[in-house]
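Let's take a walk through this one together, starting at the ligand and then moving on to how some of the helices pack. Have the viewer open as you read.

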Amino acid sequence: MDRGYLLHEGKAKRIYTLEDTEEGEDFSRDHLLVEFKDSISAFDGEKIEEISKKGVLNNKISCSIFSYLEAKNIPTHFIKTISSREMLVKRVDIIPLEVVIRNVVTGSLTRRLGFSEGTYLKEPVVELYYKDDELGDPLINEFHIKNLEIATEKEIEVITKMALQINELLVPYFDQKDLILVDYKVEFGKDGDDNILLADEISPDSCRLWDKETLKILDKDRYRKDMGQIIESYEEVWQRISGGE
Ligand code: ADP
Ligand code: MG
């Protein structure tokens, strides 16, 4: 499958169109190639580094999680893995919301609302942030979203419901791998028929994952906090997801 042109280069991924092929004109228009880069960044791109093999691991991890969710009837953009760094996805118009789902208290919940660090929430918390680097991805509510015409009331409802369904599936999925899914960010988009699909990635870049026994951090927080062993931790997550495949 040949790449067309570079549509978007973000902090962690490159998005390509597909080269038109004789047998697949329509196919190429409705689909995109996502390439996972080795760059890792934090604090709105203030801190950036290259970590060899990170893109390969995030591609494997993301593809496995999306396949699992698809098999459980969650509509996602994922079609298939193309290469060690690339996945084929359905093209969507991304809804510029970072949908954060929290199961265990850490980070801003402690700072902003005084919850105590490390406690399990009575029920998951869904938070919506405006995906806008220049504004610093601010927390936003449904009134702001409707006024900014980012999404309709119905769409906000669908997104929130899907986020909770995804969480119901992913908490036990990671638990079986002796990992705690502390919190994570997902993105949704709309396909040509206005269906809302789970898009982007789910990887240790976008999740907080802790070892169930030791509470060892196995995600991008190791980079944010200069804890070292970043690639080793991503590798550990992949080993557990794949069952040592
Ligand atoms: P960013 O720095 O903007 O977060 P990334 O490095 O994460 O960018 O690159 C991925 C970009 O592609 C994101 O902007 C994401 O919203 C977008 N994206 C993810 N999945 C799809 C899709 N299926 N169709 C269109 N855009 C997508
Ligand atoms: Mg991103």
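An oxygen atom of ligand 1 sits 3.2 Å from an N or O atom in the side chain of K131. Keep in mind that this is a predicted model, so treat the distances here as computed ones. Staying with the ligand, an oxygen atom of ligand 1 also lies 2.7 Å from a polar backbone atom of A12. Its nitrogen side has a partner too: a nitrogen atom of ligand 1 is 3.2 Å from a polar backbone atom of D200. Zoom out a little, and you'll find 17 residues surrounding ligand 1. A12 turns up again among the closest of them, together with K13, H77, K90 and E187.

Now for the helices, with α2 (residues 54–71) as our guide. How do α2 and α7 pack? Helix α7 covers residues 230–242, and the two axes are 10 Å apart at an angle of about 30 degrees. Angles under 35 degrees count as roughly parallel, and therefore α2 and α7 are roughly parallel to each other. If you look at the handedness, α2 passes α7 in a left-handed crossing. On the α2 side, the contact is built from K54, L57, N58, K60, I61, S64 and I65, and these meet I231, Y234, E235, V237, W238 and I241 in α7. Sorted by class, that contact of α2 with α7 holds eight nonpolar, two polar and three charged residues.

Helix α2 has another neighbour to look at, α5, which spans residues 153–175. Here the packing angle is about 125 degrees, and the axes of α2 and α5 are 11 Å apart. That angle makes α2 oblique to α5. The crossing of α2 past α5 is right-handed, whereas α2 passes α7 in a left-handed one. Which residues make the contact between α2 and α5? From α2 come S64, I65, Y68 and L69, and from α5 come I166, L169, L170, Y173 and F174. By class, you get eight nonpolar residues, one polar and no charged ones in the contact of α2 with α5.

Finally, go back to S64 and I65 in α2: they take part in the contact with α7, and they also appear in the contact with α5.

Key. Residues numbered from 1 in each chain as written. Chains lettered and ligands numbered in written order. Predicted model: local features only at pLDDT ≥ 70, side-chain atom pairs only at ≥ 80, totals over all residues. Heavy atoms only, no water. Axes fitted to C-alpha atoms, helices over the stretch in contact; angles between N-to-C directions. Helix = DSSP H or I, 4+ residues; strand = E, 2+ residues; numbered from the N terminus. Parallel < 35°, antiparallel > 145°, perpendicular 65-115°, else oblique. Left-handed = near helix turned anticlockwise from the far one by under 90°. Contact = heavy atoms within 4.5 Å. Nonpolar A, V, L, I, M, F, W, Y, C, P; charged D, E, K, R; others polar. Near = heavy atom within 4 Å. Polar contact = N/O pair within 3.5 Å; in protein donor to acceptor, adjacent residues only side chain to side chain.
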